[in-house]
Amino acid sequence: RDEPLVLGIETSCDETGVGIVRGNTLLADAIASSVDQHARFGGVVPEVASRAHLEAMAPTVERALAEAGVAFTDVDAFAVTAGPGLPGALMVGVAAAKAYALSLGKPLYGVNHLAAHVCVDQLEHGPLPKPCVALLVSGGHSSLLLVPDVASDVRSLGATVDDAAGEAFDKVARVLDLGFPGGPVIDRLAREGDPDAIAFPRGKYNDGTYDFSFSGLKTAVARWVEAKERAGEPVPVADVAASFQEAVVDVLTQKALKVCKDNDVRDLLIGGGVAANSRLRAMAAERCEAAGVRLRVPRPKLCTDNGAMVAALGSELVASGASPSDLRLPADSSLPI
Ligand code: KG4
Ligand code: ZN
């Protein structure tokens, strides 16, 4: 009870998230998503997302406070995603957090969205080992991070050079007419398909870097499907889904374990929306076991964008004695790690 009560706000993409933690104890994780409003466009529309954040902000804060059973005036510190993300969307959260902090005269911590994705696991599995490696895979990012200390030292070792992993799932789902977001549907369909049916390319597999490339894979799937359609043959959707998913997951786990090995790190964390993928979890578990690496994956609700992750990192910053941001804190759409 002595630990400070931290409220975190996340608005970098299409989820308005408000989380409340005390230390590493999660008290509330309220979410309002505008995903349904983007579905017919096949991807997130920035202006639509910003407006939805504006409407959802205050009600989501109210819901989080009620869920935690605390009063607004009980909050000891505020944290907000300062970037990276959609500029207009970030601005809504940052402006709200500044107003809340100013109104209570409490400190405000601007946090990096990727570091928050890593830190959230502390709410589920306790303090992060120092160092650990993090693989973050979502619709907006695919990154490999070396994390000596999540509050003060997070290093980017690799990232996608084109599409994010989740974006590849979404685009392939579009090719297969499966709706948006595509990840969960492909995951489900792939269970009935043969992952070895089609040999899709694995970009940058052995290039010695920790970077990813998924746009060649996406194009290869589109070409393969087009060729079938042109020939008037039925498209074996489950086999395509399984073979595509296998290619993505193979590259992600191969590179993640390479970072662990090259840096002699024994703990791997996987986060982001794609961490919900059942094949990624299974292959990562298998390869970690073989390499003597411990695997940490937060539960799905904590893997996708949420406010709890921001509160978790805010709490870590408070505990580490970091200085708060000042009220000029900018929203920075390309905030580096
Ligand atoms: O982290 P997230 O909710 O939002 C950001 O993009 O930041 O991630 C959403 C992404 C989408 O691209 C979605 O298709 C993907 O995560 N995704 C999945 C699965 N569940 C969600 N991809 C593969 N398999 C899944 N089960
Ligand atoms: Zn994210």
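1. Lys204 sits in the loop between H7 and helix H8 (215-230). This is a predicted model, and in it the phi of Lys204 is positive, about 60°, although the residue is not a glycine. Lys204 counts as partly exposed because it has 19 C-beta neighbours inside 10 Å, and a residue is called buried at 20 or more.

2. A second positive phi belongs to Asp177, a residue other than glycine, with a value near 65°. Asp177 is placed in the loop between H6 and H7. Its 9 C-beta neighbours inside 10 Å are why Asp177 counts as exposed, the cut-off for that class being 12 or fewer. A further case is Asp264, which follows H9 and has a positive phi near 55°. These points deserve a look for a general reason: most residues other than glycine have a negative phi, and most peptide bonds are trans.

3. The peptide bonds also need a comment. Lys130 and Pro131 are joined by a cis peptide bond with omega about 0°. Pro131 belongs to the loop between helix H5 (121-125) and E6. Another cis peptide bond links Phe180 to Pro181, with omega about -10°. Pro181 is in the loop between H6 and H7, where Asp177 is also placed.

4. Which residues does UniProt list for a "binding site" in the group that includes His113? The record, an unreviewed entry, gives His113, His117 and Asp305. They are spread over 193 residues of sequence, yet they cluster in space, with a largest C-alpha distance of 8.8 Å.

5. Two members of that group are in helix H4: His113, where the helix is given as residues 113-119, and His117. Is His113 buried or exposed? His113 counts as buried, because 25 C-beta neighbours lie inside 10 Å. Leaving aside neighbours within four places in sequence, its contacts are Ser12, Thr81, Gly83, Pro84 and Gly85. His117 is buried as well, with 32 other C-beta atoms within 10 Å. With residues up to four places away in sequence not counted, His117 touches Leu136, Gly271, Gly272 and Met309.

6. UniProt, again in an unreviewed entry, also places the feature "binding site" at Leu136, Val137, Ser138, Gly139, Gly140, Asp170, Gly183, Asp187 and Asn277. Leu136 is part of strand E6 (residues 132-137), and Val137 lies in E6 too.

7. Leu136 is buried, since 28 other C-beta atoms lie within 10 Å. Apart from residues up to four places away in sequence, Leu136 touches Leu114, His117, His141, Ser143, Leu145, Gly271 and Gly272. The contact with His117 ties together the two annotated groups, as His117 is in one and Leu136 in the other.

8. Why does Val137 count as buried? Val137 has 32 C-beta neighbours inside 10 Å, and 20 or more are enough for that class. With the residues up to four places away left out, Val137 touches Ser142, Ala165, Gly166, Leu252, Gly272, Val274 and Ala275. Gly272 thus appears among the contacts of Val137, as it does among those of Leu136 and His117.

9. Around ligand 1 there are 19 residues, of which Gly139, Gly166, Gly183, Gly273 and Thr304 come nearest. Gly139 and Gly183 are also among the positions in the UniProt record, and Gly166 is one of the contacts of Val137. Helix H6 (165-175) and helix H7 (183-190) each supply at least two residues of this shell. By type, the shell divides into six nonpolar, 10 polar and three charged residues.

10. Helix H9 (residues 237-262) passes a check on its length. At 1.5 Å a residue its 26 residues should span 38 Å, and the end C-alpha atoms are 38 Å apart, so the two values agree.

11. A last item concerns Ala58, found in helix H2 (residues 46-68). Ala58 counts as partly exposed because it has 13 C-beta neighbours inside 10 Å. How far apart in space are Ala58 and Ala96, C-alpha to C-alpha? The distance is 8.6 Å, while in sequence Ala58 and Ala96 are 38 residues apart.

Conventions. Residues numbered from 1 in each chain as written. Chains lettered and ligands numbered in written order. Predicted model: local features only at pLDDT ≥ 70, side-chain atom pairs only at ≥ 80, totals over all residues. UniProt positions renumbered as here; feature names shortened; annotations may be inferred. Helix = DSSP H or I, 4+ residues; strand = E, 2+ residues; numbered from the N terminus. Contact = placed C-beta atoms within 7 Å. Near = placed C-beta within 6 Å. Nonpolar A, V, L, I, M, F, W, Y, C, P; charged D, E, K, R; others polar. Expected span 1.5 Å × (residues − 1).
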